[in-house]
Each structure stands twice: as C-alpha cells, then as structure tokens.
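Let's take a walk through this protein together, one piece at a time. Keep the picture open while you read and look for each spot as we get to it.

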Amino acid sequence: MDLRDFYLLTALIACLRLDSAIAQELIYTIREELPENVPIGNIPKDLNISHINAATGTSASLVYRLVSKAGDAPLVKVSSNTGEIFTTSNRIDREKLCAGASYAEENECFFELEVVILPNDFFRLIKIKIIVKDTNDNAPMFPSPVINISIPENTLINSRFPIPSATDPDTGFNGVQHYELLNGQSVFGLDIVETPEGEKWPQLIVQQNLDREQKDTYVMKIKVEDGGTPQKSSTAILQVTVSDVNDNRPVFKESQVEVHIPENAPVGTSVIQLHATDADIGSNAEIRYIFGAQVAPATKRFFALNNTTGLITVQRSLDREETAIHKVTVLASDGSSTPARATVTINVTDVNDNPPNIDLRYIISPINGTVYLSEKDPVNTKIALITVSDKDTDVNGKVICFIEREVPFHLKAVYDNQYLLETSSLLDYEGTKEFSFKIVASDSGKPSLNQTALVRVKLEDENDNPPIFSQPVIELSVSENNRRGLYLTTISATDEDSGKNADIVYQLGPNASFFDLDRKTGVLTASRVFDREEQERFIFTVTARDNGTPPLQSQAAVIVTVLDENDNSPKFTHNHFQFFVSENLPKYSTVGVITVTDADAGENKAVTLSILNDNENFVLDPYSGVIKSNVSFDREQQSSYTFDVKAVDGGQPPRSSTAKVTINVMDVNDNSPVVIYPPSNTSFKLVPLSAIPGSVVAEVFAVDIDTGMNAELKYTIVSGNNKGLFRIDPVTGNITLEEKPTPNDVGLHRLVVNISDLGYPKSLHTLVLVFLYVNDTAGNASYIYDLIRRTMETPLDRNIGDSSQPYQNEDYLTIMIAIVAGAMVVIVVIFVTVLVRCRHASRFKAAQRSKQGAEWMSPNQENKQNKKKKRKKRKSPKSSLLNFVTIEESKPDDAVHEPINGTISLPAELEEQSIGRFDWGTAPPTTFKPNSPDLAKHYKSASPQSAFHLKPDTPVSVKKHHVIQELPLDNTFVGGCDTLSKRSSTSSDHFSASECSSQGGFKTKGPLHTRQVNEHFYWSISTAYKCPINQY
C-alpha cells in the first residue's frame, strides 16, 4: 500500500464519522417568489441554543456567520447577532432553481447553505436545507397555437386520435389537470388518458360519421387548465381535416421502449432502431417516421431520427449531468391522418468524466491566502469548511477527501460531503513555524479523478514549552541505616524556550519529608535515616517551573528504594500454637501450619523451620511450615502432644526465634454404648398388677467411653410396647408404667430398647432386651424362662404378642387331645365289656385293658415328679448349635406356586451367659456385657451358603410337629416346638413350661408356604433345656 492509498483509506474512514456534537441540520420550507426580508427561521430558537456559558454562568456573545463562496448571490441572509434567517432581494424561482427536472415528476426542489456559530468554544456547524414549494406562476401551454389533425372519412364512430399535450413548468396540482373541447359541433368529443408517468394525454373522439365530400374541415378550440390557485389556462385552435380513406394504419412492434446509452457515446452512435409495419400496399404502405410534437427541442438537438428507417442516432455529445433521461415520442405515418405512436425512454448512463469539485470556505479569515494561528490554540480549532461534490453518480460520484501529507491538521466529516478542517494536535512554533499542504478530493471511478486545494497556515510564537526532565521517572536505591545529608542524585530539566522562559526552578512535591532539594542546582540529599521495615519505598514528585508568563511547569516522579539489612529476627504469629485434630486421623496427615514472618527482605527473610524436641511424632516442612503426623492418634491413649519449633532466617549473621506447639486430639464417635444394666438379655422384672402408673418397673443403664456429645446417651423403646403400657425416660433409662395393668396385660412383655449416643456425624447405638412379667407372682420361674427362651425365636422388629395366640391355644389343644383320648378309652372299655360278656375266658384281659386306660387318663403323680427330677439333672448347655434346616418342595400341579428347593444354613450359636455383638442389616453394632446372649444370631446367618428367600404371598401349611401351648394370657408369647410337649394334665401349676425336644431340624414332603408378613421369612428353631431364671 503506497502513501496515496493510505491517505485515501484514512479519509474514507473520516468521512464515515460524523460529529453530531458540532454538526446539526435544520430544514425549512418556503414558497417561491417571496419578497425581501420575509423571515424563514430562527437558528438558536429552533436548535435550543443557549447563550449562557455552562462553565462560568455568564452570557456569551455568539456570532452567526453564513458560509458562502465569494461572488455568489445569496438567496437568504442570516443575522449575525440573532441568528434569524430572511429572504433577500434575489428572486427565488423554483423553475429556474430546479431547471432540468422532469416535468412529469413531483420533484422536491431545495437549496442548501451552511452557518457557523463562533467563537471556537461554542463552535457549531449548522447545515440548513430550504425546500422551495411551487407557486402557480406558469400557465399550461400547447406546443403550437394551431393544431392540425387529419382524420380519414371512413373512420368509425368512437375512434380516437391523439392531440399534442400541453406542458406546464409548475408541478403537482399546479401542473396540467384538465382539457376541454370548445365548439365540438357534436361531431367530436374529448377524452383524457393518464399515462403511468402521470402525464395527461388528450384524445379526440369521433362521435358521428364523416363525409369529406360534405365537409372536409372542422375548426374548434381546445382549452387546457391547471389546478393552481388562481387557476391558469390557455387555448389552441384545433383544425381537423377529413382525408380520403387509407384502410390500415402503421403499427409499431413495441409502443414503449427503454434504452441505455453512455454519456460519452460518440456522435452517430445508434440508439435504437424503431420498426413499424403497415398492412397496406403501395404508397399507402410507405411509412414515414417523425418526432412527436411533445418532444422537447433540447432532446431533438441531441438525437436524430431517420424518417425512412426509424433509426435514432446521437447527433450531439451527451451529458448525463445536464439531462439524464430523454423521452422521445416517435410517430409512424403512412400518409393517413392516424399515425402510430411509440414512446422511447433514453437513459443516459454515467461515465466518470467529471473530476470532484472542492469548495473551500474559510472560517478564520485568511490574510493574503494564509491563515494565521497561535500555537496556544487548542486542539480541534476550526479553520475552514470544505464541501466536495461530483456531478457523476453511483461509484463515479463517491468522493473521499484527505490531506495529502502528515500535518497536525485533519478533516472531520460533518455531513456526507462536507468536512471541517481543524487542528489535530497542539501546534508548536519551535517545531514548525509554517505549514503548506494540499487537500485532495478523489472519486471512486475507473480511472479515478481527483482535485486539490492548497492551504497555507502560519504559527505565532507563545510560551508553550514547559521544562522537560531528562527522565520522567527517576529511580534511586539507598541502604537503610544511612547517615543524614547523604548525596543521592542531581535532578535536571531543560526548556526549549529562551530567555526568562528557560530559567528553571526545582521544587519538591508532597511526601518528600525525608529529602532535601537545591532549588537552583537540583541536588537531592537524604534529610533523615531510613528504616526499610517502616517504609521500603518513597515515591514523590519534583516540579521544574520556568519564569515565563504565564509560567509553565512539569513534573518527574522520583522513586527511592531502601535496601534491606538483616536487622530483624523471625517472628511467629503466635508464641504458642494450638491445633486440634480428630482421633483416628491417618498417619502422615496434615495437622497444622506454623506461620512465621520476617520483616526483612530477600535472603534476610528466608526462614527455615525445625522441631526441637518432638521425639519423631511429627514431621515439619522447613519451608511451608506444614506439620504432619508420624503417628496415628487415639484420644483414649493420649489427648495432646507438645513440642517446640525454631525459625532461622538466611541473613548474615542469621537470626532465630522459637515457639511452642500443642496438638490437641479431639474425640471421634468410635465407641458404641456399653450396657451395664440389665446384666443380660435373659433377665426379667416382675410387674405386679397392683403397680400404679408412673412407678419405675425396670432400669436400663449404659456408658460410652467417648467424650462430649459422643458420650451423651438417649434411651428409646423401639419394639414390644404395642399397647403403650410402658414408657422409658430418654435420659435416665428408667422404665415406668404409663397406665395401671389389667388382667388382659398379664403375661410376658419383651421391650427392645435402643440406646444411642448423640455423636456426629453418625450416631452409634446398642439394642438391649428388657423382659417384664406382669402378674401378681412369679411362682413358676422355669415357665417364665421358657417363655423368654421362646421369644428369642421372634424377630426383634415384631412384638411377641403377635404370635401369642398359638402359645395360648397349646394348653387348650392338650386338653382337647386328652378329652378325645378319654372318649376313646371309654369306647374301648365298653367294647371290652361286651367282649367279656361274650367271652368269659377273656375277662381278666379286658380288666387289664381297663386299668391301663384309667392310668392313661390320670397320670401317676410320682412319675411326673420323677420327670421333673430328671429335668433338673439335665445340665444347661453352654452353647447350642443351631441345626441346619432343610426344606424340600416338589413342584405342585398349580402353576401359580413356584417350586422352592433349597437348604438354609443357620450356623448360629445361642449362649446363655455370654453376649456378643451382632450385625443386623444396617443397624449399628449392639454392645452388651460379655455375659449376655447374642441376639443377632437369631436373625442373620453367618453361613457361607447362599441366602434362601420365600415368596411373601405363599401361605403357611400346618405341620403336625407344631405344638400350640394353651395359656390363659392373651399377651404371653411362647415359641413353637418341633416335638410334642409331654406334660401332666393334673399339674397344679398352669404356668409350667412345656418341654420341647432339642431336635431342631425338620424335613417336609410337600409344598411349603409362608404367610405374608412385612415380606420377611423367619424360621423358629427351639432347643429343650432348662436354665435358672435371673430376676433383676
């Protein structure tokens, strides 16, 4: 890209930027032919321009100046004081002002002018557009006062013949509006046809048959009127000649033709070849081409029409800028009175044949062609208004304006084709005293045409150069603990002015109390002793002022950096660091960060940390201060660690300091509550029926070796209190009676008590079984123990009362069996008696049978006592291994039931005197004293075999080996046995426990079904043994 192209691009960008702050536009509308001194507008009023200076509040004297070119006759004038616009003595004629506009078009006629507002502080450029409205000052006129038309005598009625149109320089409603035929003699009429362009063409209508032999000439008048006020009109004589018959009129192939021709087309260039045909022959078919009467004389001067061939050619050089469109009406006549008509629209296309025009009008009046500026004039001082134009159109008419070379001036676009020449930077007389440059206007045609205008500017000298420092920023360094009066540097500045304007005085700015500066020489010294730890850097200014009028000055920044010395020891943020960590924290975990600072800088502040007396329990990063554990913490073993740390800096000589560190181990909820009371899960408490509500019937007590909230315990009953008979205190664990027990409440009650701590984030808890026996007495302790043993078969989430009915019905079943057996004995006795009678020889045998039957109905009390003794001799097993329960099921015929084949292994051990931990689902571990039985072993198998599940909707089939003990209490729960209990029917104690076999396995031969109870399936496995009952 060469320099010219760069200027073109810069100017193009400048042209696109319009400054709305200084460029404004006003539009006024007036009528043409106004007299002198008619007011048109008021610039300050219409633009709301204030004459008050916003900065000072005083009234400003504004000057309004019309920017006009020398020698122009202005059509309006502007009052320099008030800004009012008036007409002048120069006549405003719209038809003259906008000459060349198409007479058929409603064109907006206007002229533009520019007004500037001075002085420069209030500068504005006002562009004023004055639209001139048409006045009806011209009458429509026909092209000739006499119009001759020839009509053949055989013309049919209602045939139409064109009449030359009238023209009116006025436009719009002031133009041609109406035609009227005068003295038509009822033979002819008049019709008006309006073209798409808005032109009105009169046509003569034949209303009667013509006969040339009777009358060959008709003379009439045609009148044309415009629509103006007052209305104007004119008339012409219309002479119609009746001619002999010529049957066929010529016909053009195209009646409307539009062509384009460049304006630089040479003379003789063919524009268009018109062609018309005639169906006649001979002389009647000879066609002659002529221009219509409506063709303007100027158009006829530019184009020639060959009368024989119909070829239109250029006969004079065209100029689009003078006339862009030519409308030509061509008539094709064969000698008859009815010629054919064709309209040719010739569009003259633009050629880049006009260079741009530069109109340079100065705002600052020049002297002998030179503009004088002071070098103190501000940036954007307006010098001249430049208007560029190009008569060409489109790309050829697009003009860019720029300054030819680099000068402190620029062009600011205020309108599309107008620019302000103003200063772009501060002017410097010492740098350049005079400027001479060209303003170039270039269009975008190919090839591009341009125009230049020369501008000369001279500067007047002012005291505009302040002193200049050799360095705008002066940086110094000095060690701390210096001596007073230490020389630092010499500050100097220069001034391009001369004389007193170049005499410089130096002065310190604020924040420089630690320094002294010689006003003449600029020598800078230290007035105090520096301490880097108090202030490491001093930043202040130095002013250099000349003696001009007014004086000018400049400033330089001085930065003094104080260098460090190792005069400070490391300092810990705390003399004693306290850190808190959770126990069970993994080894090598971060437990704290030691923070130490050193007021020195660089190597003097590089601190290294070390542990003095830790015994290798912790590791300290010597640079980051991070302390990591070298041990695993257990608060129950050691709750805190204390040691000393030492910090040493890197100075010479090095400095050091020490601090104390204490690591406090915080408790974590890692211990479940331990049950102290009751001592085991097999003990019980007697609740007499006479107990009153609110009395304490049992106590639960547990401890937690954690601390704080982790050791706070809460007691709740989670199961077994379905009747709401009991209540436990959540804090003390005391179980009290909610209401007085009734006979319906008599029996064994199993309460599942949950003991949970308040630890965070996860609470740990323990389950304990509390057995309460509601009765007046506990005479048969073995029976109560048997009930407790049977409840072990019931899941903890179920109440033992849910299965109490089968145990109560067991006694009734035994009675029923005894009754049936007795009845059978009676029947046998009767049968034997009959046999005795029949067979006397068998009497003794029948007597024996009768005796045996009586003994079976009434068992020997001695045998019963012997049985009890045998039971006492049987020792209680320390552990009972649960046998495997094998369930086999054949596939039933019913498709609804699915076959179940599997083996369930329950290798759990029930211990009487020891209690362990259990894992029940997601429940936390249950902790008892070591002599309590493990409850979880009844509900979750630890067998490695796969779990076996039954569908919850499968019904339970009744097995013969299930024995239901009949008990008098509805809420007494006992477990089923696998063998029939042998019990004396004559026992005086109806609470005595039934004895069950220790055989814990069974095998089914048919389908096995279960009841749907909370979608869980449990197997009851009982063992027969006798244990002492613990009552607490």
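Cys109 has a relative accessibility of just 2%, and buried means under 20%, so this cysteine counts as buried. Keep in mind that you're looking at a predicted model. Cys109 has a partner: a disulfide joins Cys98 to Cys109, with 1.6 Å from S to S. Cys98 has a relative accessible area of 23%, so that end of the bond is partly exposed. Both cysteines sit in the loop between helix H3 (94-97) and strand E6 (110-118), 11 residues apart. The torsion about the S-S bond is about 90°, so this disulfide is right-handed. How many disulfides are there in total? The count comes to 1. Another cysteine to find is Cys401, which is buried, with a relative accessible area of 1%.

Next, let's look at the greasy insides. The largest nonpolar core has 27 residues, and the members that touch the most others are Phe252, Val271, Ile312, Val330 and Val344. Several strands supply at least two residues each, including E16 (256-262), E17 (270-273), E22 (325-333) and E23 (340-349). Which strand gives the largest share of this core? That's E23, with 5 residues. Zoom in on Val271 and you'll find it touching Val259, Ile261, Phe303, Ile312, Thr313, Val314 and Ile346, leaving aside residues up to four places away in sequence. Apart from this core lies another one, of 25 residues, among them Ile383, Phe435, Ala441 and Ala453.

Now follow the chain just past E23. Val351 is in the loop between E23 and strand E24 (357-362). Val351 has a relative accessible area of 22%, so it counts as partly exposed. Leaving out residues up to four places away in sequence, Val351 touches Pro262, Glu263, Asn264, Asp392 and Asn396. Thr393 is 42 residues away from Val351 along the chain, yet their C-alpha atoms are separated by 8.4 Å.

Time for some sheets. Strands of a sheet pair through backbone hydrogen bonds, and they can do so parallel or antiparallel. One open sheet here has 4 strands in the order E42-E49-E48-E45, with mixed pairing. Strands E42 (576-582) and E45 (608-611) stand at the edges with a single partner strand each, so one side of each has no neighbour in the sheet. From one strand to the next, the twist averages 30°. Inside this sheet, strand E48 (residues 640-648) and strand E49 (residues 656-666) run antiparallel and are joined by 9 bridges. To spot one of them, find Val648, whose bridge partner in E49 is Ser656.

Further along the chain comes strand E58 (residues 765-774). Is this strand enclosed or open to the outside? 10 of its 10 residues are buried, so E58 is largely enclosed by the rest of the structure. In a regular strand, the side chains alternate between the two faces of the sheet. You can check both faces of E58: His765, Leu767, Leu769, Phe771 and Tyr773 are buried on one side, and Thr766, Val768, Val770, Leu772 and Val774 are buried on the other. E58 also has strand partners. Strand E51 (residues 684-687) runs parallel to E58, with 4 bridges between them, and Lys685 has Leu772 of E58 as its bridge partner. Strand E57 (residues 747-757) runs antiparallel to E58, joined by 10 bridges. There, Asn754 stands opposite Leu767 of E58.

Let's finish with the rings. A pair of aromatic rings is described by the distance of the centres and the angle of the planes. The count here comes to 17 aromatic pairs. Take Phe142 and Tyr179: their ring centres are 5.9 Å apart and their planes are at 50°, so the pair is tilted. The two come from distant parts of the chain, 37 residues apart, with Phe142 in the loop between strands E7 (124-133) and E8 (146-152) and Tyr179 in strand E10 (residues 176-182). Phe142 is buried at 10% relative accessibility, and Tyr179 is buried at 4%. For Phe577 and Phe579, the ring centres are 6.1 Å apart and the planes are at 10°, so this pair is stacked. Both of these rings' residues, Phe577 and Phe579, are buried. Last stop: ring pairs link Phe514, Phe515, Phe530, Phe538 and Phe540 into a cluster.

Conventions:
Residues numbered from 1 in each chain as written. Predicted model: local features only at pLDDT ≥ 70, side-chain atom pairs only at ≥ 80, totals over all residues. Heavy atoms only, no water. Core = buried A, V, L, I, M, F, W, Y, C linked by side-chain atoms within 4.5 Å. Buried < 20%, exposed > 50% of the residue type's maximum accessible area, 1.4 Å probe, protein only. Contact = heavy atoms within 4.5 Å. Disulfide = S-S within 2.5 Å. Pairing = 2+ DSSP bridges. Axes fitted to C-alpha atoms, helices over the stretch in contact; angles between N-to-C directions. Phe/Tyr/Trp six-rings, centres within 6.5 Å; stacked < 30°, edge-to-face > 60°.
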